[in-house]
Amino acid sequence: MKKFKGRIVTPGTAKAEALVTKGGLNTLASFQKALQFGDKTAKCGDQNNPDLYGKEMAGKALCLPQTIGSTTGGMVLYCACAMKRQPACMLFSNHIDSLAAAGAVLADVWVEDVNMPVVDSLGDEFLEYVKSGMTITLEADGTVCVE
Amino acid sequence: MHLTDEQQAILSGSQGETMAKVMKTLVMYGDAFEAEEMVAVTSEYNHLVTSFGLGVMAPVYDLMQQLIDAGVMSQQKFSVDPRPLDKNVPKNLLQNLIFNKFMYNKQDFYEGQLKKLGLLHEDAFTCACYMDEVGNKPKKGDILSWAESSAVVYANSVLGARCNRNSGIVDLMGSIVGFVPKFGLLTDEGRKASWIVKIETSKKPEAQLLGSAIGMKVMEDVPYVVGLDKWLGSELTDEACTYLKDFGAATASNGAVGLYHIENLTPEAVESGKELIKSDAKVYVIDDKELKRVKDNYPVIWKDRDAKPKLCFMGCPHMSLQQLKDWTDRVEAGLKAAGNKKVQIPTVFTAPPAVLEEFNKTDYAKRLKETGVITSYICPLMYMNNPLCGKMPVITSSNKLRTYTSARYYTDDEILLQITKGGKN
């Protein structure tokens, strides 16, 4: 078990299975199909992301460097939360990007009964250590336990 | 973040609960980037990225309705990205059914919401709102609350305005409150370049290919481009601006570039020159070999790589008036050389409604129509989002369209050859 300390972007706690992408998460490409066709497990639809393509994102601890792609990205993340198809938490190794930050904040402020805590700046070592399938515990102070 | 008394009062609910939530969103957004203050939005108009009434985006329209019901409106009129549907663009019955019944079934409803929130006018739908014919062209130094990535990078780089790469919805919220958090590209430090890109090609590089190479290399950083003025000159002519429009869109979509400086050409580079470069800037050299490497590495996600193209899209971002005229000449010449009268692949040129209106007043419009090319105000990206359209072999010279859809990229010359001579790859 290893612990990493990050910076809280939106608060909360979570315990979930890790889903890891080493490349950036293209939010629109990843969520669009799942939102459009009622897939509650939110299988990733981004064919350009071999780490995530076809894998269920809903309820997972999504570990990533940053998000990429269309500037509708924040809005798409907000929709995923409002439609209850969001990851259990999002854990960024880098400083969060403006699109992911917008999505996290929109969900936090405008969606009442959804909790998707977001922590960033966990460092490169975090993304090197964590593997899909590991168990993640996110504590309220931004500490991430990986086991 | 330090808030003024006025901003603090809004956050505390002086203008109602909904307005307080809008302010809270912007404050939290700024806090994520350690913004120390909010600054006033100073552009005359805003521009929104969300133009589509996609049924599945119901939470967005619910949020918009909350704003409308609370009387929380944009302080600026705004233009918005292109419409997703146009009857002129070829589609079969099944594709049409999916467009109208399953995908954009909220289009009329959402356009109604946009009108209530502050849409500039009925036809203010384009990603290239900064073109003269459209009229949403910010001044140097203006602070914007835009989100459309190709418009943001153009406004920052070519016009010298200041805008972060915001997300949809946040763009509207900045305009509602009249303030945006000051961080990133709104600061002098954030506009400094951490990459020097040296152009060492033997001919003028293809705008969309050069932008793609730079975007993929620098990602969200600011590049300072040296040697491009050799090909573009040192004046922001119509031709140079058109080149930079297409170049910038590729940097923004193939990477996440929000600002670039072109030495001796773009306004801040002309003013400050190499002072814009950070001391620890990395160097990226682009020559013919590097451009070829980048192009050769684009994945082709067609099921049949050798399929005959069924459609060609040009104009992502939307074409300028001069581009439409130049392409009319090129298509005519290409057809003549190939011994054909009409284009051999259904071809759509997309441009802002206001540009098409001007184009249609010229003789070029009739000439282009005679070649079989269709003009449209549509967003090709939203067309390609239809799963049935996404399966079609579509070609384009837009690197943005290539990145977000299954469309296959070719250079302008290759496209011309395909549409005039025949659909062989």
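**Exercise 1. Determine why Cys79(A) and Cys81(A) are not joined by a disulfide.**

Step 1. A disulfide is a covalent bond between the sulfur atoms of two cysteines. Here the term denotes a pair of cysteine sulfur atoms within 2.5 Å.

Step 2. The cysteine sulfur closest to that of Cys79(A) belongs to Cys81(A) and lies 9.3 Å away, so the separation is too great for a bond.

Step 3. Searching the whole structure gives zero disulfides over all chains.

Step 4. Cys79(A) is buried, with a relative accessible area of 0%, and Cys81(A) is likewise buried, at 0%. Buried means under 20% relative accessible area, exposed over 50%, and partly exposed in between (1.4 Å probe, protein chains only).

The model is predicted: local features need pLDDT of at least 70 and side-chain atom pairs count only at pLDDT 80 or more, while totals for chains, interfaces and linings use all residues. Residues are numbered from 1 along each chain as its sequence is written, chains are lettered from A and ligands numbered from 1 in the order in which they are written, and side-chain values use heavy atoms, without hydrogens and water.

**Exercise 2. State the strand order of the open sheet of five strands in chain B, and identify the strands at its edges.**

Step 1. The order is S11-S10-S9-S12-S13 (chain B), with parallel pairing. Strands (E, at least two residues) and helices (H or I, at least four) are DSSP runs numbered from the N terminus; two strands pair if DSSP finds at least two bridges between them.

Step 2. S11 (374-376) and S13 (408-409) of chain B each have a single partner strand, so one side of each lacks a neighbour in the sheet.

Step 3. S9 (residues 311-314) and S12 (residues 394-396) of chain B run parallel and are joined by three bridges. Phe313(B) has Thr396(B) as its bridge partner in S12(B).

**Exercise 3. Locate the buried residues of helix H14 (residues 353-360) of chain B.**

Step 1. These residues are Pro353(B), Val355(B), Leu356(B) and Phe359(B).

Step 2. Their arc around the axis is only 155°, which places them on the same side of H14(B). The arc is that of the directions from the helix axis to the C-beta atoms.

Step 3. Their cover includes helix H13 (321-338), helix H15 (363-370) and S11 of chain B.

**Exercise 4. Describe the contact between chain A and chain B.**

Step 1. Chain A contributes 35 residues and chain B 39 residues, where contact means heavy atoms within 4.5 Å.

Step 2. About 3000 Å² is buried between the chains, 68% of it from carbon and sulfur atoms. Buried area is the accessible area (1.4 Å probe) that two parts lose on being put together, summed over both.
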